[in-house]
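This report introduces a protein chain to a reader who has not met it before. Please keep the sequence and the structure in view while reading.

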Amino acid sequence: MNTKKYLLQAIRTLSEKHPFEDITVDMILQEADVSRGTFYKYYRDKYDLANSYYSDYVSSEIVSHYNGHNWKQCLKEIFLFVKENRDYFRTVIINRNTAFLDFVSSFGLEGYQRVYMANMHIAEMSDEQIMESEFYNAGCVRILELWIMDECRMPVDRLVQLSCTLMPDIYTRIAF
């Protein structure tokens, strides 16, 4: 296991035992058994580490398998991952910590826009297309936040259906 994996496991383990705001870099260092210099070699702060946890998993295990047309399955896998780790994600956002939600928003928006441009065979989006993607993305992030805060009680399939129903028509045509 490499150093980054030790750090990612440490933040996950600590978040199961402590509110995220109570977790310190020193606690992470002790749990991962790494030095402060090593930590800062990879991450700016504990928020950057928490964001990396989500990003690494979604990028390597879900998005890498996305072929541009299996959007419902991609969403379902992301939501299942969040639900399986709901305590971690709830801890991260419980105090309205915007670092994680800002990260999810940026990560999602970049993905939507990249898929859109690839499927539409364009090099850049119009102002209207950018606004559509930002509007949809903001709604998805808010729905995700509410779902996490509600202990992920809505069934994943229903959440996928809702996300797809709210998707702008142009995305529906190219994503399914």
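## Two loop residues with positive phi

H121 has a relative accessibility of 73%, and because exposed means over 50%, this residue counts as exposed. In this predicted model, H121 sits in the loop that joins α7 and α8, and although H121 is not a glycine, its phi is positive, at about 55 degrees.

C152 also belongs to a loop, namely the one between α8 and α9, and its phi, near 55 degrees, is likewise a positive value in a residue other than glycine. Is C152 buried or exposed? With a relative accessible area of 2%, C152 is buried, whereas H121 is exposed.

## Confidence of the prediction

The mean pLDDT of the protein is 85, and 91% of the residues score at least 70. Where in the protein is the confidence lowest, and where is it highest? The lowest confidence falls in helix α10, which covers residues 169-175 and has a mean of 67, while the highest is found in α2, at 96.

## How α1 packs against α2

Two packed helices are described by the angle between their axes and by the distance between those axes. For helix α1, made of residues 3-17, and helix α2, made of residues 25-32, the angle is about 115 degrees and the axes are 8 Å apart. The crossing of α1 and α2 is right-handed. On the side of α1 the contact is made by Y6, L7, A10, I11, T13, L14 and K17, and on the side of α2 by M27, I28, E31 and A32. By character, the residues of this contact divide into 8 nonpolar, 1 polar and 2 charged.

Helix α1 also holds K5, a residue that is partly exposed, with a relative accessible area of 49%. K5 and E77 are 72 residues apart in sequence, and their C-alpha atoms are 21 Å apart in space.

## Aromatic pairs and a cluster

A pair of aromatic rings is described by the distance between the centres and by the angle between the planes. In this model the count comes to 14 aromatic pairs. One of them is formed by F79 and W147, whose rings are edge-to-face, with 5.7 Å from centre to centre and 65 degrees between the planes. This pair links distant parts of the chain, since F79 lies in helix α5 (residues 71-84) and W147 in helix α8 (residues 127-149), 68 residues apart. F79 counts as buried at 8% relative accessibility, and W147 counts as buried at 4%.

Which parts of the chain does the pair of Y112 and Y136 tie together? Y112 lies in helix α7, which spans residues 98-120, and Y136 in helix α8, so the pair ties together parts that are 24 residues apart in sequence. The centres of these two rings are 5.2 Å apart and their planes stand at 55 degrees, so the pair is tilted. Y112 is buried, with a relative accessible area of 8%, and Y136 counts as buried at 4% relative accessibility. Elsewhere in the list of aromatic residues, Y53, Y54, F81, F89, F103 and F107 form one aromatic cluster.

## The surroundings of Y136 and S163

Y136, a residue of helix α8, has several contacts besides the one with Y112. When residues up to four places away in sequence are not counted, Y136 touches W71, Y112, S163, L166, M167 and P168. Y136 and S163 are 27 residues apart along the chain, and their C-alpha atoms are separated by 9.1 Å.

S163 is placed in helix α9, which runs over residues 156-165. Its relative accessibility is 4%, and because buried means under 20%, S163 counts as buried. Which residues does S163 touch, not counting residues up to four places away in sequence? They are L75, F79 and Y136. Two of these contacts lead back to the aromatic pairs described above, for F79 forms a pair with W147, and Y136 forms a pair with Y112.

Notes: Residues are numbered from 1 along each chain as its sequence is written. This is a predicted model: local features need pLDDT of at least 70, side-chain atom pairs count only at pLDDT 80 or more; totals for chains, interfaces and linings use all residues. Side-chain values use heavy atoms; hydrogens and water are left out. Axes are lines fitted to C-alpha atoms, for helices over the stretch in contact, and angles run from 0 to 180 degrees between N-to-C directions. Helices (H or I, at least four residues) and strands (E, at least two) are DSSP runs, numbered from the N terminus. A crossing is left-handed if the near helix is turned anticlockwise from the far one by less than a right angle, and right-handed if clockwise. Contact means heavy atoms within 4.5 Å. Ala, Val, Leu, Ile, Met, Phe, Trp, Tyr, Cys and Pro count as nonpolar, Asp, Glu, Lys and Arg as charged, and the others, Gly among them, as polar. pLDDT is the predictor's confidence in each residue, from 0 to 100. Rings of Phe, Tyr and Trp (its six-membered ring) pair if their centres lie within 6.5 Å; planes under 30 degrees apart count as stacked, over 60 as edge-to-face and the rest as tilted. Buried means under 20% relative accessible area, exposed over 50%, partly exposed in between (1.4 Å probe, protein chains only).
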